[in-house]
Number of protein chains: 2
Amino acid sequence: MNLIVPAKGGLRMIEAIGNREAQAMLRRNLIGHLGCNVDGEPYVLPINYIYDGDCVFIHSLPGRKINALRDDPRCCLQVEEIRDEYNWRSVIAFGRYEEITNAEERERILGALYKRFPHLTPVESGMTKGLPEIIVFRLRVEQITGVSEDWK
Amino acid sequence: MNLIVPAKGGLRMIEAIGNREAQAMLRRNLIGHLGCNVDGEPYVLPINYIYDGDCVFIHSLPGRKINALRDDPRCCLQVEEIRDEYNWRSVIAFGRYEEITNAEERERILGALYKRFPHLTPVESGMTKGLPEIIVFRLRVEQITGVSEDWK
């Protein structure tokens, strides 16, 4: 815990978030930031995700980022809730990129992603032919850390 | 450019953002996500920053993340503007962590940060004594990339 005397005169409290609350934050949010290394450089991108208590599931078009994750599977998902400058919390789930290639599992997860994010659903028509196949991957969560700031 | 046939029937356009617009995004936003490696693992945290056209300026309490950046200075700042699921843009500025130790320069940058983010200003009183000294650093931007999604 970290105490800083703030300009507005209260007491700034920076505290670790417990595992239970961190899990709940991962479950209830829809957008996170994926961190990885692309060509040896730190890289961050906003993504939609699902968390089932063990793994974070994401889908993506193939490309440079996916190639980078295949080469260096270390990655993290950061999720935040910001009420205002004085009250916010942020969690990070660390894990490894695991591409889902089993057809049945892939369909199941894609179905869950499309259900939660209808705007990502591709049109079921001949027009999708010729488009690159969507990659589905998981980040099997090995560790979660989190921090909150509250001004009392 | 990437065209995907969307569920809602329009045309999804994913395009690179030009340097001028990417620079403008970095200038007008207040919150970004810093990506780096901490203990060899990708790490992401939300931060307040200033961008002056050459460098991103950030301040932080000392600790594990600062130690990690001293060890491995590769980092990036990602900034996004999300109107809705269908219309968003994201830029990344890549660079190296450079700690600012010159007292005059440090004061000047801290002043600019406190002016833009009054909630971060410490109380000018004896109560701040004994608190760890704030670290000021810059990310000298070497490269900027950006992408936008728009549904027509």
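Rings of Phe, Tyr and Trp (its six-membered ring) pair if their centres lie within 6.5 Å; planes under 30 degrees apart count as stacked, over 60 as edge-to-face and the rest as tilted. By this rule, there are four aromatic pairs over all chains.

This is a predicted model, in which local features need pLDDT of at least 70, side-chain atom pairs count only at pLDDT 80 or more, and totals for chains, interfaces and linings use all residues. Residues are numbered from 1 along each chain as its sequence is written, chains are lettered from A in the order in which they are written, and side-chain values use heavy atoms, with hydrogens and water left out.

**Aromatic pairs**

Tyr97(A) and Phe137(A) form a tilted pair, with 4.7 Å from centre to centre and 45 degrees between the planes. The pair links distant parts of the chain: Tyr97(A) sits in strand β8 (residues 87–99) of chain A, and Phe137(A) sits in strand β9 (residues 135–151) of chain A, 40 residues apart. Helices (H or I, at least four residues) and strands (E, at least two) are DSSP runs, numbered from the N terminus. Tyr97(A) is buried at 8% relative accessibility. Phe137(A) is buried at 2%. Buried means under 20% relative accessible area, exposed over 50%, and partly exposed in between (1.4 Å probe, protein chains only).

In chain B, the rings of Tyr97(B) and Phe137(B) have centres 4.7 Å apart and planes at 45 degrees, so this pair is tilted. Tyr97(B) and Phe137(B) are buried.

**Chain A and the core**

Chain A has three helices and nine strands. From the N terminus, its elements run β-β-α-β-β-β-β-α-β-β-α-β. Of its 152 residues, 47% are buried. Contact means heavy atoms within 4.5 Å. Among contacts in chain A between residues at least 6 apart in sequence, 72% join residues at least 24 apart.

A nonpolar core is a set of buried Ala, Val, Leu, Ile, Met, Phe, Trp, Tyr and Cys residues joined through side-chain atoms within 4.5 Å. The largest one holds 64 residues; Leu26(A), Leu34(A), Tyr49(A), Leu26(B), Leu34(B) and Tyr49(B) touch the most other members. Leaving out residues up to four places away in sequence, Leu34(B) touches residues including Tyr43(B), Ile58(B), Cys75(B) and Phe137(B).

**Cysteines**

A disulfide is a pair of cysteine sulfur atoms within 2.5 Å. The structure holds zero disulfides over all chains. The sulfur of Cys36(A) is 7.0 Å from the closest cysteine sulfur, in Cys75(A), which is too far for a bond. Cys36(A) is buried, at 2% relative accessibility.

**Salt bridges**

A salt bridge is a side-chain nitrogen of Lys or Arg within 4 Å of a carboxyl oxygen of Asp or Glu. There are 26 over all chains. Three are listed here.

| Acidic residue | Basic residue | Closest N to O |
|---|---|---|
| Glu105(A) | Arg138(A) | 2.8 Å |
| Glu133(A) | Arg106(A) | 3.7 Å |
| Glu21(B) | Arg28(B) | 2.9 Å |

Glu105(A) lies in helix α3 (residues 103–116) of chain A and Arg138(A) in strand β9 of chain A, so the pair ties together parts 33 residues apart in sequence. Glu105(A) is partly exposed at 21%, while Arg138(A) is buried at 13%. Glu133(A) is exposed at 58% relative accessibility. Its partner Arg106(A) is buried, with a relative accessible area of 12%.
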